[in-house]
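This briefing is meant to be read with the sequence and the 3D view side by side. Please keep both open while going through the points below.

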Amino acid sequence: MATTKQLFYYPGNASMAPHIVLEEIGKAFELVKVEREVNAHKSAEYLRLNPNGLIPVYVEGSMVLYETAAICLHLADTHPESGMAPLLATPERAAFYKWLMWLSNTLQTALIVYFYPERWVDAGNESGARQVQAHAESKIASLLEQLEAQLQQSEGPWLLGAQYTVLDPYAFMLCRWTRGFAKPARTWPLLGAYLQRMLARPAVQRMIATEGLAEPLV
């Protein structure tokens with residue numbers, strides 16, 4: 001009997017990357033929408049799954065896993081036939097680890113500061129929050145330059161070159177979050193073309209349809 005796989009998600013949230021990865025793998029899974037509008041991610045029931053009160057959570061049998069990067073890496077490792085991570089103990093795998101940690105710990109962290117600047121200032125300090133947000137947007141621009149440079153160095157079409165990996169759904173998700181910026185990811189030449197290649201993938205199209213995402217998609 002197959003083990004039930006569940007992804008607790010919210011449209012456009014950090015659950016997007018593992019959602020795409022699950023679509024790419026092509027095995028049966030269940031989506032469980034977390035109603036953020038009513039703070040369901042802070043409910044006692046949800047906090048038993050993830051005490052941080054964050055989305056996503058991935059449940060597979062008795063295993064409960066949170067942190068987007070961890071979920072994506074687990075899915076790649078447990079479905080090696082998908083080719084969504086380079087082989088272990090290779091230089092390509094080392095580069096894969098580097099970029100997965102960078103996406104999670106550097107770019108995603110800077111985006112969180114941008115979207116929630118009030119967390120880094122005293123309560124009610126609106127001018128301070130605006131300053132934090134402006135600094136975060138400037139920092140994110142420099143990080144997008146790094147992604148642009150990596151695409152040039154790898155010669156594409158994907159972040160590591162010829163091999164499509166879980167890095168690509170992750171990078172796509174984070175780049176999408178910049179769509180309302182003064183200079184979003186799509187305005188960089190190589191990144192813009194890369195995002196269009198991502199949008200063309202059937203797995204990404206299925207994710208967009210299921211989550212009901214609206215334009216602009218990136």
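Phe8 stands opposite Val57 in strand S3, and this pair belongs to the contact between S1 and S3, two strands that run antiparallel and are joined by four bridges. The model is a predicted one, and the points below go from the sheet to the helix that packs on it, then to helix H5, a loop residue, and finally the pocket and the cavity.

**The sheet**

- The sheet is open and has four strands in the order S2-S1-S3-S4, with mixed pairing.
- Strand S2 (30-33) and strand S4 (63-66) stand at the edges and have a single partner strand each, so one side of each is left without a neighbour in the sheet.
- Direction ignored, neighbouring strands of this sheet are turned against each other by 20 degrees on average.
- Strand S1 (residues 5-9) runs parallel to S2, to which it is joined by four bridges, and in this pairing Leu7 stands opposite Leu31 of S2.
- S3 and S4 run antiparallel and are also joined by four bridges, with Tyr58 opposite Leu65 of S4 and Glu60 opposite Met63 of S4.
- The hairpin of S3 and S4 has two residues between the strands, and in this hairpin Gly61 takes a positive phi near 65 degrees.
- As a general aid to reading such strands, side chains in a regular strand alternate between the two faces of the sheet.

**Helix H3 and Ile71**

- Helix H3 (residues 68-78) packs on the sheet, where it touches strand S3 (57-60) and S4, and its direction makes about 125 degrees with that of S4.
- Ile71 is placed in helix H3 and counts as buried, because its relative accessibility is 0%, where the cut-off for buried is under 20%.
- Not counting residues up to four places away in sequence, Ile71 touches Pro18, Pro56, Val57, Tyr58, Leu65 and Tyr66; of these, Val57 is the residue that Phe8 stands opposite, while Tyr58 and Leu65 stand opposite each other.
- Ile71 and Val21 are 50 residues apart along the chain, and their C-alpha atoms are separated by 9.5 Å.

**Helix H5 and Leu143**

- The 29 residues of H5 should span 42 Å at 1.5 Å a residue, and the end C-alpha atoms of H5 are 42 Å apart, which agrees.
- The buried residues of H5 include Ala136, Ile140, Leu143, Leu144, Leu147 and Leu151, and also Glu148 and Gln150.
- An α-helix has 3.6 residues a turn, so residues three or four places apart point the same way.
- Among the elements that cover the buried residues of H5 are helix H4 (91-115), helix H6 (167-176) and helix H7 (189-200).
- Leu143 is found in helix H5 (residues 126-154) and counts as buried, because its relative accessibility is 1%.
- Leaving aside residues up to four places away in sequence, Leu143 touches Trp102, Thr106, Leu107 and Ala110; Thr106 is 37 residues from Leu143 in sequence, yet the two are 8.3 Å apart in space, C-alpha to C-alpha.
- Just after H5, Glu155 takes a positive phi of about 65 degrees.

**Thr165, between H5 and H6**

- Thr165 is placed in the loop between H5 and H6, and this loop residue counts as buried because its relative accessibility is 0%.
- With residues up to four places away in sequence left out, the contacts of Thr165 are Met84, Ala85, Pro86, Phe96 and Leu160.

**Pocket and cavity**

- The largest pocket has a volume of about 800 Å³, and of the 33 residues that line this pocket, the closest to its centre are Asn13, Ala14, Gln108, Ile112 and Trp177.
- H3, H4 and H6 are the elements that give two or more residues to the lining of the largest pocket, and H4 gives the most, with seven residues.
- The structure also holds one cavity of 30 Å³ or more, and about 40 Å³ of space lies in the largest cavity.
- The residues that line the largest cavity are Lys5, Leu22, Ile25, Lys27, Ala28, Phe29, Leu75 and His79.

Terms used: Residues are numbered from 1 along each chain as its sequence is written. This is a predicted model: local features need pLDDT of at least 70, side-chain atom pairs count only at pLDDT 80 or more; totals for chains, interfaces and linings use all residues. Side-chain values use heavy atoms; hydrogens and water are left out. Buried means under 20% relative accessible area, exposed over 50%, partly exposed in between (1.4 Å probe, protein chains only). Contact means heavy atoms within 4.5 Å. The expected span of a helix is 1.5 Å times one less than its number of residues. Two strands pair if DSSP finds at least two bridges between them. Axes are lines fitted to C-alpha atoms, for helices over the stretch in contact, and angles run from 0 to 180 degrees between N-to-C directions. On a 1 Å grid over the protein atoms alone, a cavity is a set of points where a 1.4 Å probe fits but cannot get out, and a pocket is an open set with protein on both sides within 12 Å along at least five of seven lines; lining residues have an atom within 4 Å of a point. Grid points are joined across faces, edges and corners, and a volume is the space filled by probe spheres set on the points.
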